[in-house]
Amino acid sequence: MEYNFAEIEPRWQKYWEKNKTFKTPDDFSKPKYYILDMFPYPSGAGLHVGHPEGYTATDIMSRYKRMKGFNVLHPMGYDAFGLPAEQYAMQTGTHPAVTTNRNCDNFRRQIKAIGLSYDWDREINTTDQHYFKWTQWIFKQLYNTWFDKENQKGRPISELPIPEEIKGDGEKAINEYISEKRLAYYDNAQVWWCDSCKTVCANEEVLTDGSHEKCGNQVVRKNLKQWLLRIPHYAERLLQGLNGLDWPAGVIDMQKNWIGKSTGAEIDFQVEGLNKNLRVYTTRPDTLFGATYMVIAPEHELAEEITIPEKKTEVEKYIKAAALKSDLDRTDLAKEKTGVFSGRYAINPVNNQPIPIWIADYVLMGYGTGAIMAVPAHDTRDFEFAKEFDIPVVCILDPKEVDERKNILAGDKCWTEDGEYINSASEETGLNINGLNKEAGIKKTIEWLEERGLGTATVNFKMRDWLFSRQRYWGEPFPVIHWEDGEVSLLDDEDLPLLLPDLEKYSPGESGESPLANAEEWLHVTDKNGRKGRRETNTMPQWAGSCWYYLRYIDPNNNERIFDPEKEKYWMPVDLYIGGAEHAVLHLLYSRFWHKVLFDLGIVSTDEPFQKLFNQGMILAFAYETSTGAKVSSDLVEERDGKYFHTETGDELKQIVAKMSKSLKNVVNPDDVIERYGADSLRLYEMFMGPLDERKPWAENGVKGVFNFLNRAHRFFADTNNIFEGEEDKEVAKLLHQTIQKVANDIENLKFNTAISALMVFNNLAIKKGKVTKQTAETFAKILSPVAPHLGEELWSIYGNKETLAYEPWPEVDESLLQEDSFEYPVSFNGKMRFKIEIPVDMPQPEIEKVVLSDPKAQKWLEGKTVRKFIFVPKKIINVVVG
RNA sequence: GCCCGGGUGGCGGAAUUGGUAGACGCGCUGGAUUCAAAAUCCAGUUCUGGCAACAGAGUGCGGGUUCGAUUCCCGCCCCGGGUACCA
């Protein structure tokens with residue numbers, strides 16, 4: 001009997017589709033399990049083998065959980081706004097919606113061919129007006145929310161208390177005050193501009209070398225009116241929320257770093273000869289006695305005022321150069337420190353000593369107060385600067401027992417760790433922290449500063465406002481009108497969705513305006529009083545649609561509201577979310593932010609959206625390079641005796657592992673794999689390659705391996721001559737139940753590679769035995785079905801079952817079959833395994849010792865030696881120490 | 001520089017709380033079947049020595065703890081990812 005996957009698989013896919021096997025009811029009586037994939041951007045290139053990796057993993061879990069009695073929500077959709085369709089439109093004039101729909105159709109076809117058990121009635125598409133209506137609606141919620149810092153909670157703007165002094169200044173002042181509190185605001189912002197894509201990019205989309213993540217071109221700074229979201233208001237909540245999540249530690253770390261919380265103090269320094277204070281932020285107020293100079297950023301508002309006349313020219317030149325520098329590639333120039341002395345001094349509050357104020361671009365205006373006190377002895381950046389400009393280095397923290405102590409005390413070396421304070425007392429001001437350690441020193445200094453009103457304990461975050469608009473056509477339009485009198489208003493809910501206008505031409509304006517600025521009819525509006533207005537021409541970034549899609553799956557066709565709250569309460573949170581690690585920060589942080597706002601407004605019932613997160617590793621491919629490191633396209637490589645040669649030059653090549661790429665001709669298309677080996681083989685191989693979270697190279701021979709397994713399994717289990725009614729062989733029964741248990745455990749722990757291995761082991765034994773009972777065969781079909789669902793269903797039906805096995809209960813493990821009455825112990829002598837011995841599990845230890853030591857095989861190792869120790873670990877090992 | 005991962009046969013990878021290193025699969029070798037091949041089946045396959053029984057070595061490197069270390073501790077090396085003057 002042949003394993004005709006090309007006939008079997010489409011037949012079952014049709015069956016599932018026709019019977020709506022995986023349609024998920026909102027049956028609140030059952031325990032729920034929500035399994036989510038990161039939905040794809042439907043590119044024109046179609047699916048690559050990386051997509052099915054995550055999708056298969058979630059599919060296995062979904063199928064397993066259904067058999068375990070869960071009501072499983074497992075949906076799929078498309079994150080379909082995006083640049084490529086728009087660029088294609090610019091070149092060809094094809095409407096992006098046409099391209100997008102075509103690509104979605106192709107993705108759907110490809111995904112269905114893998115046999116994934118999605119509820120297709122819940123499919124969503126971010127470009128569908130019924131979907132983005134609600135994206136626009138959420139934007140309105142953000143706009144109409146302020147963050148109550150005291151209660152750490154977002155609240156409706158209507159609840160914002162307006163201070164009396166603002167009220168007195170009239171309506172305009174009130175509106176301005178409110179604007180400053182909204183989570184979404186419109187402002188002039190210096191932004192990164194990609195001239196090649198004709199769009200702004202968020203800071204996060206600009207790589208460290210100053211290039212645009214999407215296209216690789218260098219970005220430049222530009223000032224534009226933009227929408228921004230005040231995500232930093234939620235910094236503390238976003239940080240705290242990480243604590244209860246079952247997420248990879250690496251992702252949690254990355255989010256923590258991104259949020260970048262630091263605690264310290266803001267301290268005021270009096271500027272000598274000016275009636276002004278200079279406020280600095282420091283995490284190390286304890287090192288005030290070591291402050292030998294101060295630095296303010298070139299953009300600091302006091303930079304010019306502070307500068308004495310004699311230094312004016314020099315300082316102005318420096319500030320100009322620094323401004324220019326920020327237009328260039330700042331990171332490259334960051335290696336050597338530059339700066340200029342303002343000629344002015346500030347008074348150190350702890351000892352009333354004057355210290356010089358410098359202007360230098362190693363201090364950033366955007367963080368803290370844009371000014372620092374510099375402690376070169378205990379901060380590496382300040383140390384470098386001080387050495388560059390010959391500024392004194394005063395050590396105030398004795399590192400004690402450290403090799404470099406002498407150099408550190410002399411100020412020749414920087415010390416940033418803990419120690420004991422020296423030179424840290426002033427009779428004049430009364431502060432003395434000598435002898436304390438870092439922790440106590442920080443505490444005491446802050447108390448001292450606060451008592452005198454010189455400073456306050458402060459918390460700072462690295463995270464910045466989120467730039468939330470793009471100069472694009474193919475995105476969600478903002479439901480916003482800018483009126484001629486300067487008022488900004490949002491559309492009423494009943495006027496949503498605001499659709500995109502059709503355009504003749506999709507190219508952006510040279511000035512950086514979105515293509516929407518050309519849609520004259522759409523653009524201009526007049527209200528009932530004849531006031532003229534202009535619609536917002538920016539559109540939302542691609543993140544917008546993906547920020548909340550997991551919520552829409554819950555109730556995707558609801559036209560009355562975003563979703564039914566009862567359904568939301570039942571299904572949320574997402575129990576398992578699998579996707580690529582590239583979304584560790586941005587998507588997952590933005591989503592969490594929106595979710596928390598919706599939670600505060602009472603729209604969703606959970607504080608966090610994704611309970612468990614897992615990142616699948618990237619699938620790579622073998623590639624080849626010459627001895628000089630030049631990559632060679634795979635079609636120019638031949639293998640001989642396990643070595644690789646260039647077909648043209650004959651040079652020996654080295655096999656390496658690299659990302660799949662068109663230029664290397666090593667891209668694998670899932671369609672081809674399915675055509676040659678079937679969907680079950682594709683699924684199995686993707687899971688069998690190695691641990692889900694690791695990166696691993698694709699190897700065609702590996703596919704053959706799992707194909708072979710399915711073939712063998714089919715040949716044996718589909719042949720009813722091998723199936724009998726009666727009592728199962730003991731060895732088979734025992735292994736079967738071990739396998740049930742192992743497969744279940746491994747699936748729960750996302751260790752699909754070893755689950756498949758266990759199925760192979762059982763298959764091998766069954767074939768060796770030549771026959772199994774019908775019950776065993778049915779059980780095998782069941783435990784095989786999560787990983788190879790087509791073959792599972794096929795076998796199940798061959799045994800005479802009329803219904804799908806997708807909802808058959810997962811087989812129970814018969815514990816009694818797993819009990820051993822004896823165990824084969826490995827016997828070691830001095831830790832080295834020498835032989836094995838079968839011992840009944842109930843034998844008492846003294847007898848075991850006797851049996852082992854008198855065993856003929858043991859004599860060789862005991863000869864002329866004394867037994868020093870006899871180690872016996874039940875069901876593990878016996879180790880005899882001799883000497 | 002800093003923060004995370006990861007280094008195990010020819011290859012992908014297994015190995016509960018420290019307890020038989022190399023499961024499973026690929027590849028390779030030999031055999032069966034075949035006119036022959038493909039497919040299939042059987043046996044072997046960490047390395048070194050030996051016909052073999054067997055012995056020695058072995059989880060990136062160097063130390064340590066332990067009866068026993070891929071697993072724990074200390075010090076390094078290499079690879080991958082993130083981040084980069086955040087005071």
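This report describes a predicted model of protein chain A with RNA strand B.

## Overall build

Chain A holds 29 helices and 37 strands. Its C-alpha trace spans about 100 × 90 × 65 Å along the principal axes. Of the 883 residues in the chain, 55% are buried. Among contacts with a separation of 6 or more, 70% are between residues 24 or more positions apart.

The domain assignment divides chain A into five named parts: domain 1 (1-30 + 668-819), domain 2 (156-231 + 465-535), domain 3 (262-460), domain 4 (620-658) and domain 5 (820-882). Between the C-alpha centres of domain 2 and domain 5 there are 77 Å.

## The surface near the RNA

There are 50 residues around RNA strand B, and T283, Y367, R381, R712 and N879 come nearest. On the RNA side, sugar and phosphate make up 62% of the strand B atoms that come within 4 Å of the protein. Sorted by class, the surface near the strand has 21 nonpolar, 16 charged and 13 polar residues.

Three polar pairs can be picked out. The side chain of T282 has an N or O atom 3.1 Å from a sugar or linking oxygen of RNA strand B. Y362 uses a backbone N or O atom instead, and this atom lies 3.0 Å from a sugar or linking oxygen of the strand. For N764, a polar side-chain atom is 3.2 Å from a phosphate oxygen of RNA strand B. Several elements give two or more residues to this surface, including α9 (249-259), β11 (276-282), α22 (700-717), α24 (752-769) and β37 (877-882).

## Helix α24

Which element gives the largest share of the surface near RNA strand B? That element is α24, with six residues. The helix has 18 residues and reaches 26 Å from its first C-alpha to its last, close to the 26 Å expected at 1.5 Å a residue. Just after α24, G770 takes a positive phi of about 85°.

Buried residues of α24 include F752, A755, I756, L759, F762, N763 and A766. An α-helix has 3.6 residues a turn, so residues three or four places apart point the same way. Among the elements covering the buried residues of α24 are α2 (50-67), α21 (679-688), α22, α23 (730-748) and α25 (774-784).

## Residue N879

N879, one of the residues that come nearest to RNA strand B, has its place in strand β37. Is N879 buried or exposed? N879 is buried, because its relative accessible area is 16%, which is under the 20% cut-off.

The side chain of N879 reaches the backbone nitrogen of G831 at 3.1 Å. Apart from neighbours within four places in sequence, N879 is in contact with S828, F829, N830, G831, K869, F870 and I871.

## Residue W796

W796 sits in helix α26 (residues 789-798). With a relative accessible area of 4%, W796 is also buried. Its contacts, leaving aside neighbours within four places in sequence, are E778, A781, K782, N801, E803, T804, L805 and E808.

K850 is 54 residues from W796 along the chain, and the C-alpha atoms of the two are separated by 52 Å.

Definitions and conventions:
Residues are numbered from 1 along each chain as its sequence is written. Chains are lettered from A and ligands numbered from 1 in the order in which they are written. This is a predicted model: local features need pLDDT of at least 70, side-chain atom pairs count only at pLDDT 80 or more; totals for chains, interfaces and linings use all residues. Side-chain values use heavy atoms; hydrogens and water are left out. Domain bounds come from an automatic or database domain assignment. A residue is near a molecule or strand if one of its heavy atoms lies within 4 Å of it. A polar contact is a pair of N or O atoms within 3.5 Å; within protein, one must be able to donate a hydrogen and the other to accept it, and residues adjacent in sequence count only if both atoms are side-chain atoms. Helices (H or I, at least four residues) and strands (E, at least two) are DSSP runs, numbered from the N terminus. Ala, Val, Leu, Ile, Met, Phe, Trp, Tyr, Cys and Pro count as nonpolar, Asp, Glu, Lys and Arg as charged, and the others, Gly among them, as polar. The expected span of a helix is 1.5 Å times one less than its number of residues. Buried means under 20% relative accessible area, exposed over 50%, partly exposed in between (1.4 Å probe, protein chains only). Contact means heavy atoms within 4.5 Å.
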